[in-house]
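Subject: Structure handover

Hi,

Here is the structure I promised to pass on. Have it open while you read, and my notes follow right after it.

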There are 2 protein chains.
Amino acid sequence: MKIGIIGLGLIGGSMAIDLSAAGYQVIGISRRQAVCDRALERRMVQRASTDMEALAGADLVVICTPIQAIAATVEALLPHIHPDTVLTDVGSVKQPVVATVMQQWANYVGGHPMAGTAHQGIDAALPRLFAGRPYVLTPIAQTPPAAVDRVTQLVHTLGSDLYRCDPASHDQAVAWISHLPVVVSASLISACGSASPEVQGLAQAFASSGFRDTSRVGGGNPELGLMMAKHNHPNLLRSLHHYRQHLDQMIDAIDQEDWGAFESALVQTQRDRPKFVEPYGLG
Amino acid sequence: MKIGIIGLGLIGGSMAIDLSAAGYQVIGISRRQAVCDRALERRMVQRASTDMEALAGADLVVICTPIQAIAATVEALLPHIHPDTVLTDVGSVKQPVVATVMQQWANYVGGHPMAGTAHQGIDAALPRLFAGRPYVLTPIAQTPPAAVDRVTQLVHTLGSDLYRCDPASHDQAVAWISHLPVVVSASLISACGSASPEVQGLAQAFASSGFRDTSRVGGGNPELGLMMAKHNHPNLLRSLHHYRQHLDQMIDAIDQEDWGAFESALVQTQRDRPKFVEPYGLG
């Protein structure tokens, strides 16, 4: 199988490493010649080019560009591929991407490998980044089964745990566990700016692992936060409205000194958290 | 200097280890004989007793009981100590504790060593738990300077970074960085229960380090969360109201698709977070 990878950053580069190691013929595409040179130097790919023409004859093309560039990338790619070529992407929101790309190229399966590090770019690429991590495919009724099979083979080669669901369910799930935490956490950092300068100074000196962990995703890359909110905003908004209701219940319990209600809520959250963090032994 | 430690759990036990190692005569008090035996076995203390009488002649007594037991502990201790004995405590909220204990015993300085682990009890006690961590003293106008000096010596022996502030400022600062994150984080776990069963299943499978970190303190020991809310509730409530305002601003920006405002907020939180997490290189 001849596999094209468009975008050789952390995700595309890491994928190229594993696919090359598994014996596939991998062709990397980047807008920048320096990135193509680096990919060849690191032997991540068998061929690298700034020109989509290099993908003629590819059986599978994985689009690893930022989410907002996917549609234009597909548009530029179409003149160069044959009708049997299967496309997939790695965008972290699926409903709008799937709706757009399905109109451009029916032989397509939306995908989302749920792995990453705090770093970006080709030099951050790592072997086995996706191994043991979820990889979600979001075929719809019109998706050709043969296309799903081909992308499934990719997922297995990467050693990922395969999940299949519809694009809407995917986007709702990531709104809860990936996008909502960013807003919750950013609001925490932002709110601390309301303290008096003296108290802020003490708070900064006293902050410990509890604050560090709760604030981590809210102090991350603003571009990623913006992208996820833009592309998944109806689901994120719905999760935020639920979050605010639950927060208000906690505030009311504290305000009314209803310690029984407050303790019950904390007993429940202690019981529920392991359902989210234990499947991968994250502790 | 002869030092008494009442309560030989993680905090009291760890303190005993360092003070014994520094050459002080350390007397440990626990309600349970088994804990006294264990403290002697681990050579954390020179003497251990279930009877406060053992503290006759102590120059300094550190009360390491849970916060709700401090007043009763002081009451039980008073018949056994001489007027020059200095008391201090390790409660994580200072205003109510200082107000109460100052009426019982004027030779007292409120304290809060900001260190811990996820474990509890004497077997969790560690050497150098407090080294390089903040240790806050909260003397008030009536506190005898000699008492402050004696507790300061304790703080230096533990290798902690000494901070001095009034009890109210301490409680406001910990409301922001220690108590508010618990409610913010617990509300996140609780809100995820609003998703449909199918989406919850996917969310649990997809949850990664972002959710793990943001939810950690909200899924912790309910007793600790309850204690902090009970004892610091006016400050916690004030912080929560500010938090909700900042959250609402983020929700409004997303609702109105005002991406400029949303991005500015995230750029600011990325800039502000290091002020809280970098002093101790927490990253």
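In chain B, Pro134(B) sits opposite Asp161(B) of strand E9(B). That pair belongs to a parallel pairing in which 4 bridges connect strand E8 (residues 134–137) of chain B with strand E9 (residues 161–164) of chain B. To get from E8(B) to E9(B), the chain passes through helix H5 (residues 145–157) of chain B, and this β-α-β crossover is right-handed. Bear in mind throughout that this is a predicted model.

Chain A has the corresponding pieces, so to speak, and here is what turned up for them. Strand E8 (residues 134–137) of chain A runs parallel to E9(A), with 4 bridges joining the two. Within that pairing, Pro134(A) has Asp161(A) in E9(A) as its bridge partner. Helix H5 (residues 145–157) of chain A packs on the sheet and touches both E8 and E9 of chain A, and its direction makes about 170 degrees with that of E8(A).

The sheet in question is an open one of 3 strands in chain A, ordered E7-E8-E9, with mixed pairing. Its edges are strand E7 (111–113) and strand E9 (161–164) of chain A, each of which pairs on one side only. From one strand to the next, the twist averages 20 degrees.

There is also an open sheet of 6 strands in chain A, with parallel pairing and the order E3-E2-E1-E4-E5-E6. Strand E3 (47–49) and strand E6 (108–109) of chain A form its edges, each pairing on one side only.

Strand E4 of chain A is worth a look from both sides. On one side, strand E1 (residues 2–6) of chain A pairs with E4(A) in the parallel sense over 4 bridges, and Ile6(A) stands opposite Ile63(A) there. On the other, strand E4 (residues 60–63) of chain A is joined by 4 bridges to strand E5 (residues 86–89) of chain A, again running parallel. Two of the facing pairs are Val62(A) with Thr88(A) and Leu60(A) with Val86(A). The route from E4(A) to E5(A) goes through H3(A), and this β-α-β crossover is right-handed. As for the side chains of E4(A), Leu60(A) and Val62(A) point one way, Val61(A) and Ile63(A) point the other way, and all are buried.

The crossover helix gives a nice link back to those strands. Thr73(A) lies in helix H3 (residues 70–77) of chain A. Is Thr73(A) buried or exposed? Its relative accessibility is 9%, so Thr73(A) counts as buried. Leaving aside residues up to four places away in sequence, Thr73(A) touches Ile6(A), Met52(A), Ile63(A) and Thr65(A). Ile6(A) and Ile63(A) are the pair that stand opposite each other between E1(A) and E4(A).

Now to how the two chains go together. Laying chain B on chain A takes a turn of 180 degrees and a shift of 0.0 Å along the axis, with an RMSD of 0.0 Å. That is the relation of a two-fold axis. Which residue of chain B comes closest to the rotation axis? It is Thr214(B), with its C-alpha at 2.1 Å. Of the interface residues of chain B, 100% are also interface residues in chain A, so the copies meet through the same surface.

Residues of both chains feature in the largest nonpolar core, which has 82 residues; Tyr243(A), Phe262(A), Tyr243(B) and Phe262(B) are those with the most contacts inside it. Take Phe262(B): not counting residues up to four places away in sequence, it touches Val183(A), Gly225(A), Leu226(A) and Ala229(A) from chain A, plus Met250(B), Ala253(B) and Ile254(B) from chain B.

Helix H7 (residues 197–206) of chain A is mostly covered, with 7 of its 10 residues buried. Among them are Val199(A), Leu202(A) and Phe206(A). The buried residues of H7(A) pack against helix H6 (167–192) of chain A, and also against E8, E9, helix H6 (167–192) and H11 of chain B.

One last residue, from that H11 of chain B. Ala261(B) is part of helix H11 (residues 259–277) of chain B, and with 34% relative accessibility Ala261(B) counts as partly exposed. Ala261(B) and Gln104(B) lie 157 residues apart in sequence and 53 Å apart in space, C-alpha to C-alpha.

Cheers

Definitions and conventions:
Residues numbered from 1 in each chain as written. Chains lettered and ligands numbered in written order. Predicted model: local features only at pLDDT ≥ 70, side-chain atom pairs only at ≥ 80, totals over all residues. Heavy atoms only, no water. Pairing = 2+ DSSP bridges. Axes fitted to C-alpha atoms, helices over the stretch in contact; angles between N-to-C directions. Contact = heavy atoms within 4.5 Å. Right-handed = clockwise from strand over helix to strand, strands pointing away. Core = buried A, V, L, I, M, F, W, Y, C linked by side-chain atoms within 4.5 Å. Buried < 20%, exposed > 50% of the residue type's maximum accessible area, 1.4 Å probe, protein only. Least-squares fit on C-alpha atoms with pLDDT ≥ 70 in both.
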